[in-house]
Amino acid sequence: MTIDSSTDPAPPGIEILYGRSRRKLVFPESVRPTVIRKPAMPVAADPRQAVLDALARPVESDSIEILARGSRSACIVICDITRPVPNHLFLRPLVESLVANGIELDAITLLVATGLHRPNLGQELEELIGDPWVLKNLRVINHDARDDSLHLDFGKTETRGTPVKINRHLAEADLKIATGLVEPHFMAGYSGGRKVIAPGVAHADTITTFHNYRFMSDPAAASCNLENNPLHEEQLEILKMLGGAHAINTVIDEERRLSLINFGEITASHRQAVEMVQQYCRVPVTRNFDLVITSGAGYPLDSTYYQTVKGMVGAAAILKPGGDLVIASQCSEGIGSPEYLDAQRRFTTLGAEGFLESLREKPFADIDEWQTQMQTRAMVAGNIFLFSELDASDRQLTGVKSIEDLDAFLQSLPDQLSIAVIPEGPYVVPYVDHELMEAGPCGA
């Protein structure tokens, strides 16, 4: 079974990810929620040895030794602070392998894939990299998608005409290595691999094109789906225009422990990681629920409301029409960027239909308004409630209802409701399996 549907009296509390810790949900004794989480994932017994093994056994690629010996420079791309990538495990072994095989330290650049997010600086950058030696010895640069001079122009994709401009530190490097976390992504299917390059280190024109209304409204631009996904297809075409790359891909479990790491050609190694993670992250359930309670996946993803939307969209798939969806997300940094604040103001003023209509003909999306567009997907399914630390003025801009006291809300639930809890938020993608539904409760 891939769902935990307790038939015993409700446990004292179910913990969900919230901020840097967890928050306990305590239900009335008569309420028996279904807890939806991934099956137990394999965990690396020796994570550092797993890194060395991954570098020694590349996926559809020459070895790191051969790649380094044929290169004078390297650019390593890492995700920004919004992703809990275990950089502390693999960055130094990777760099040491490059240096041992002929690439000088001062010819290696560490590029932070911020996309259109803010730069990561100071203590945040130290936390992101996780290894003082790496921070001391490498040139570290935050990508700036708005700086024209920092990009090389590769023209446009043939399929959809997306302008392709990529950070020149990566584009001009002999050896290009993207690193990241492979997990469900509500637009691109799965994160990691090609996504670390575009949008990660792409120009604003590239990002705002394949995040425009046409792309975002495509039903194939969905979580855990790569088939005919327009974002994924554009990312693969951009990779070819760039001349290819390599990647380190990681997968972690609910406790943030290393479950998989590999290295190799970027598309093949990413595909291998996707094949592994999809066995765990896609969780079948036997029915739709009156109430779904989920999380924003905890820190760092639940630091802003902008990222919180991801948890809404995935959980809405198992909600009964018109049901209630509650998401607990700390939002310690507030709503998000100034541009996202503006998008939310327009959304709350125009309403969902008016807002969507205003996007239809735009070739370039306004920065971050695509997240507001994705929020409308969840709102079609039912009523959305948010428990967070946002202040009153920011709560109004979310466009959803607020819960002031989560404990009181839970204690007020009637016995007859069917309730699901998704402790890990968007890292778990539940779906109603109709064969299980026909088999009866718990898919027996």
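This is a short tour of one sheet and the helices to select after it. The model you have open is predicted.

**Stop 1: the sheet**

Select the strands β7, β6, β5, β10, β13 and β14. Together these 6 strands form an open sheet, in just that order. The pairing in the sheet is mixed. Now look at the two edges. One edge strand is β7, residues 139–142. The other is β14, residues 258–265. Each edge strand pairs on one side only. Turn the view to see the twist: from one strand to the next, it averages 20 degrees.

**Stop 2: strand β10**

Next, select residues 175–181, which make up β10. How many residues of β10 are buried? The count is 7 of 7, so the strand is largely enclosed by the rest of the structure. Here a residue is called buried when its relative accessible area is under 20%.

Show the side chains. In a regular strand, side chains alternate between the two faces of the sheet. In β10, L175, I177, T179 and L181 point one way. K176, A178 and G180 point the other way. Both sets are buried.

**Stop 3: the neighbours of β10**

Keep β10 on screen and add β5. These two strands pair in the parallel sense, over 4 bridges. Pick A178 in β10: V77 stands opposite.

Now add β13, residues 246–252. β10 and β13 also run parallel, and 5 bridges join them. Which residue of β13 is the bridge partner of A178? That partner is A247. Then click I177. Its bridge partner in β13 is H246.

**Stop 4: a helix across the sheet**

Select residues 87–100, helix α3. This helix lies across β5 (74–79), β6 (108–113), β10, β13 and β14. Compare its direction with that of β5: α3 runs at about 175 degrees to the strand.

**Stop 5: a pair of helices**

Finish with α12 (residues 305–315) and α14 (residues 369–381). Their axes come within 9 Å. How do the two helices lie relative to each other? Their axes cross at roughly 30 degrees. Angles under 35 degrees count as roughly parallel, and α12 and α14 are therefore roughly parallel to each other. The crossing is left-handed.

Show side chains where the helices meet. From α12, select Y305, Y306, Q307, V309, K310, M312 and V313. From α14, select W370, Q371, M374, Q375 and A378. Colour this contact by class: you will find 8 nonpolar, 3 polar and 1 charged residues.

Conventions:
Residues are numbered from 1 along each chain as its sequence is written. This is a predicted model: local features need pLDDT of at least 70, side-chain atom pairs count only at pLDDT 80 or more; totals for chains, interfaces and linings use all residues. Side-chain values use heavy atoms; hydrogens and water are left out. Two strands pair if DSSP finds at least two bridges between them. Axes are lines fitted to C-alpha atoms, for helices over the stretch in contact, and angles run from 0 to 180 degrees between N-to-C directions. Contact means heavy atoms within 4.5 Å. Angles under 35 degrees count as roughly parallel, over 145 as roughly antiparallel, 65 to 115 as roughly perpendicular and the rest as oblique. A crossing is left-handed if the near helix is turned anticlockwise from the far one by less than a right angle, and right-handed if clockwise. Ala, Val, Leu, Ile, Met, Phe, Trp, Tyr, Cys and Pro count as nonpolar, Asp, Glu, Lys and Arg as charged, and the others, Gly among them, as polar. Buried means under 20% relative accessible area, exposed over 50%, partly exposed in between (1.4 Å probe, protein chains only).
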